[in-house]
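User: I would like to learn how to read a few features of a protein model, one at a time. Please give me the general idea and then the case at hand.

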Amino acid sequence: MCGIAGIIYRDGSQHPIGDEMTSMLQSMKHRGPDSTGYALYGTPENGNLVMRYKLADANTPRDFDFEEKLGRHRSIVESRLESLGARIDAVDEETSYAFRVSFDFDGDLKLLADFVEDIPDAEVLSLGRSLEIVKDLGDAETVHGQYGLSEFRGTHAIGHVRMATESEVDIAGAHPYWAYPYSDVAVVHNGQLTNYFMWRRRLERAGRRFMSECDSEIIAVYLAQEMTNGASLEEAMDKSLDELDGVFTYIAVTKDELGVAKDELAAKPLVLYESDDLVALASEEIAIRAIVDHEIDTYDPYEREVLVWKR
Amino acid sequence: MTQITYDARGLAEPFAEIPKVSKIDGESARFDAKDLTTRAINLELRWLLYEEGVKEVEISNPGSKHSLGVGILTRCRIRFAGSLGYFGCGLIDGPEIHITGRVGWSACENMMSGVVVVDGNAGSLTAAALRGGDVVVKGRVGARSGIDQKGGTIIVGGSAGSMTGFMMQRGRIIICGDVGPGLGDSMYDGTIYVAGKVKSLGIDCVPGEWTDADTELIERKFRIYGLGAPPEFQKFVCGKVLYNYDNLEPSERKLVL
């Protein structure tokens, strides 16, 4: 089933989007209690890049040498970043296996991500100047507490509560997906894609990597491919309606845009609220009500609609 | 009492108690649903209608919670001042319900009789498997409205999405705006009236011949619900190429035999 949500402040003002997205996702917990994920857009610190990565999944066996391995791999990540010429500003340990590094770097991001992911069990969850992806097992309040999201202020965010149908319940299978290796792009998806393997083979031949068995990862990688070829977010999303097969409502975000696309059957729900300063959308209106306390007018977009808002 | 922060469907409280917070004034009552859970709201509503002899209820701040006002099987008037979530007013038989906001997916599902008027928009699957009564949505509706409709009338003031009237078997759908692709796909019987543009007709849905009975029906329904002067409609019916469908209810079949 899954639940998706998005919020964007049109004037680009900073808001406690970590808290707001948590309220939205928690009200839709019944749509997916397996895992919860956020893609949050904050303010770049001194123009630095922020990388969120993990060194173990929820299902990784906690062996006797687990902690020791985490420590070793963590120092390899940092030394590899430095060897590529990145100047590390800060490293935050969010959990024992998930980290946030902020660093200054102007080289090739694909090279950097590949070099980090070459370390066993390492996965780059997000990489960008304002994008930060946080995802873990459990409901929104659990993840919010674990990763201290109440501190997070920003301009826009998307989130996802997952009811796993196509792949395992683990962090790799949780949304949002980062559009590797395209910085600052993320996707959440509600639905199933039926031409997943065709696209996966096609994109793998084009040099893209996949970290999970989850069909939704295709959308992020597909959009990254199109945008690398020069398409705008809206153009890439328009094209996806014809090229991706299945039932879907997905939300894609870049550093200053938020877009939503619905398949040709309008099979998956989406409720939309637009006001002068805010656009909020979610699988259920109850999620929008969680952050807007007055009476509002909302509607459901129709089939094959692609809508994009800029902040 | 533990505060339930996530249970929008009302499944987590099998032993909930009736809150009894309504202000009752003779045959009418009202209560604020802001701090009540789904289950508590429905229990309160049932208590008022079935035990307190109340005939008219006003509920403020429904807050788009799901499954509100379901399974009411008595003649009464209910007014929701606000919006409902999914599955609102499903399985009802008799009430006249007015919703001042919008409704989510599957509103008035399997309704047997009565009237539901929605001032705002409605989600997909509105009045799915409707058996009788009138569902009036003044705004727009999502996809697959009137899917599997078996009777009654759906009136939409705005536009409708794809596959409207999919597999409909009886009844009428009146749409004042445009309609998405696949209108009346695989319908068995019934009538669909559209005032706006039709993106495409579904399989075995064909234009029908207009009769005086159609004019009378539309004028009557518009008059009852104060929708103003009706626009000009096109009529669509089943081509009956795909199906040979016995459209009698079991009780009617007995009479014929």
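User: How far is the sulfur of Cys214(A) from the closest cysteine sulfur, and why is there no bond?

Analyst: A disulfide is counted when a pair of cysteine sulfur atoms lies within 2.5 Å. The closest cysteine sulfur to that of Cys214(A) belongs to Cys2(A) and is 7.8 Å away, which is too far for a bond. By this rule the count over all chains comes to 0 disulfides. The model is a predicted one, in which local features need pLDDT of at least 70 and side-chain atom pairs count only at pLDDT 80 or more, while totals for chains, interfaces and linings use all residues. Side-chain values use heavy atoms, with hydrogens and water left out; residues are numbered from 1 along each chain as its sequence is written, and chains are lettered from A and ligands numbered from 1 in the order in which they are written.

User: Are Cys2(A) and Cys214(A) buried or exposed?

Analyst: A residue is buried under 20% relative accessible area, exposed over 50%, and partly exposed in between, with a 1.4 Å probe and protein chains only. Cys2(A) is buried because its relative accessible area is 9%, and Cys214(A) is buried because its value is 2%.

User: How should I describe the way α6(A) and α7(A) cross?

Analyst: Two packed helices are described by the angle between their axes and the distance between the axes. Here helices are DSSP runs of H or I with at least four residues, strands are runs of E with at least two, and both are numbered from the N terminus; axes are lines fitted to C-alpha atoms, for helices over the stretch in contact, and angles run from 0 to 180 degrees between N-to-C directions. The axes of α6 (residues 217–228) and α7 (residues 233–243) of chain A come within 9 Å and cross at roughly 125°. That makes α6(A) oblique to α7(A), since angles under 35 degrees count as roughly parallel, over 145 as roughly antiparallel, 65 to 115 as roughly perpendicular and the rest as oblique.

User: Which peptide bonds are cis, and which residues other than glycine have a positive phi?

Analyst: Most residues other than glycine have a negative phi, and most peptide bonds are trans. In chain A, a cis peptide bond joins His175(A) and Pro176(A), with omega about -5°, and another joins Tyr180(A) and Pro181(A), with omega also about -5°. In chain B, phi is near 55° in Met167(B) and near 55° in Lys240(B). Met167(B) is partly exposed at 30% relative accessibility, as is Lys240(B) at 44%.
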